[in-house]
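Please look through the sequence and the model together before reading on. The paragraphs below move from one region to the next and can be followed with the structure open.

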Amino acid sequence: MVAREDLTTDEQLKSQLLLVRRGTAFWSRKVNELADDELDGASLLPGWTRRHVIAHVGYNARALTRLVQWANTGVETPMYSSPAARNEEIAYGATLPARALRHLDAHASVSLNVEWRDTPEEAWHHEVRTAQGRTVPLTETVWLRNREVWLHAIDLDNGARFSDVPREVLTRLLREIVGAWAAKDTDPGLRIQVTDAPEFGELGTAAGQDTGTLVRGDLSAVAQWASGRGGHRLQAGADVPNPRWI
Ligand code: ZN
């Protein structure tokens with residue numbers, strides 16, 4: 001049998017692909033730990049059951065697969081035809097029988113992995129457009145998927161925690177969120193201290209100012225709060241509302 005490996009030789013990209021495969025395994029393990037009747041239970045996302053989360057993660061893999069195909073063929077295939085179509089698809093997926101829902105998720109993530117694996121070096125730099133309308137090189141899809149599988153595993157609310165997520169993912173996530181607040185001008189004057197990651201310095205629009213609203217905690221607690229999943233693990237600022245980031 002021929003060994004199947006990533007066609008890219010870019011070491012940094014290969015390490016991101018490794019991370020996303022670990023994340024996908026983590027996500028799948030949490031899904032598999034749920035009995036069929038537990039799929040009907042609430043997730044951490046308002047208004048969504050676990051079924052909605054699983055359907056969303058499955059359809060997200062299909063949507064990202066379309067971007068990989070776009071980069072490889074030059075034929076424009078957007079992630080979703082519209083935000084409404086995306087939401088309708090999730091609502092539909094959530095009604096599937098448990099077996100079909102699990103199959104959708106598993107099959108979609110395998111397909112995405114195969115498409116990535118077979119993408120030649122050059123196509124990784126072709127530009128595609130995300131669901132938010134950003135134009136990015138195909139390499140960005142690996143990060144987008146990393147974000148999805150790690151965070152939504154936590155959203156299943158059956159034991160995955162922010163402290164299970166690799167620091168590399170939490171670091172990039174936090175930088176992205178703080179950057180989005182700055183871009184949208186939604187930071188109300190925060191001064192954020194990450195106790196176990198001095199490389200950040202202070203974050204937020206009031207960094208270094210005594211008048212800022214202090215939020216302080218370790219990287220996983222700050223990332224949890226910043227992503228809108230509760231501030232109860234923070235050392236300071238547990239009640240500070242997090243600005244929207246997505
Ligand atoms: Zn998502």
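Helices, here meaning DSSP runs of H or I with at least four residues, are numbered from the N terminus, as are strands, which are E runs of at least two residues. In that scheme His-52 lies in helix H2, and it should be kept in mind throughout that the model is a predicted one. The side chain of His-52 is joined to the side chain of Thr-49 by a polar contact of 2.9 Å. Leaving aside residues up to four places away in sequence, His-52 also touches Gly-47, Ile-90 and Ala-94.

Helix H2, which spans 50-73, leads on to the largest pocket, since it is one of the helices that each supply at least two residues of the lining; helix H3 (83-93) and helix H5 (140-155) do so as well. How many residues line the largest pocket, and which of them lie nearest its centre? The lining is made up of 30 residues, and those nearest the centre are His-56, Arg-86, Gln-132, Glu-148 and Ile-246. The volume of this pocket is about 960 Å³. Helix H5 gives the largest share of the lining, with 5 residues. Sorted by class, the lining holds 15 nonpolar residues, together with 9 polar and 6 charged ones. As background to such a description, rolling a probe the size of a water molecule over the atoms shows where empty space is left.

A second place to examine is Glu-121, which sits in the loop between helix H4 (98-117) and strand S1 (127-129). With a relative accessible area of 28%, Glu-121 is partly exposed, because that term covers values between 20% and 50%. Where along the chain does one find a residue that is far from Glu-121 in sequence but 4.6 Å from it in space, C-alpha to C-alpha? The residue is Thr-8, which is 113 residues away from Glu-121 in sequence. The side chains of these two residues make a polar contact of 2.7 Å, while the side chain of Glu-121 also reaches the backbone nitrogen of Thr-9 at 2.9 Å. If residues up to four places away in sequence are not counted, Glu-121 touches Thr-8, Thr-9 and Asp-10.

The next region is a sheet. Three strands form an open sheet in the order S4-S3-S5, and the pairing within it is mixed. Strands S4 and S5 stand at the edges with a single partner strand each, so one side of each is left without a neighbour in the sheet. Between S3 and strand S5 (residues 213-217) the pairing is parallel and runs over 5 bridges, with Ile-192 standing opposite Val-215 in S5. Between S3 and strand S4 (residues 202-203) the pairing is antiparallel and runs over 2 bridges; here Gln-193 stands opposite Glu-202, and Leu-203 is the bridge partner of Ile-192. Ile-192 therefore has a partner named in S5 as well as one in S4.

Are the residues of strand S3 (residues 190-194) mostly covered or mostly open? The strand is mostly covered, with 5 of its 5 residues buried. On one side these are Leu-190, Ile-192 and Val-194, and on the other they are Arg-191 and Gln-193, so that both faces of S3 are covered.

Two loop residues deserve a look for their backbone angles. Most residues other than glycine have a negative phi. Asp-157, however, has a positive phi of about 60° although it is not a glycine, and it is found in the loop between H5 and helix H6 (167-184). Asp-185 likewise has a positive phi, near 60°, as a residue other than glycine, and its place is the loop between H6 and S3. With regard to accessibility, Asp-157 is partly exposed at a relative accessible area of 42%, whereas Asp-185 counts as exposed because its relative accessibility is 67%, the cut-off for that term being over 50%.

Within helix H6 itself lies Ala-180, which counts as buried because its relative accessibility is 16%. The C-alpha atoms of Ala-180 and Arg-244 are separated by 8.7 Å, and the two residues are 64 residues apart along the chain.

Technical notes: Residues are numbered from 1 along each chain as its sequence is written. This is a predicted model: local features need pLDDT of at least 70, side-chain atom pairs count only at pLDDT 80 or more; totals for chains, interfaces and linings use all residues. Side-chain values use heavy atoms; hydrogens and water are left out. On a 1 Å grid over the protein atoms alone, a cavity is a set of points where a 1.4 Å probe fits but cannot get out, and a pocket is an open set with protein on both sides within 12 Å along at least five of seven lines; lining residues have an atom within 4 Å of a point. Grid points are joined across faces, edges and corners, and a volume is the space filled by probe spheres set on the points. Ala, Val, Leu, Ile, Met, Phe, Trp, Tyr, Cys and Pro count as nonpolar, Asp, Glu, Lys and Arg as charged, and the others, Gly among them, as polar. A polar contact is a pair of N or O atoms within 3.5 Å; within protein, one must be able to donate a hydrogen and the other to accept it, and residues adjacent in sequence count only if both atoms are side-chain atoms. Contact means heavy atoms within 4.5 Å. Buried means under 20% relative accessible area, exposed over 50%, partly exposed in between (1.4 Å probe, protein chains only).
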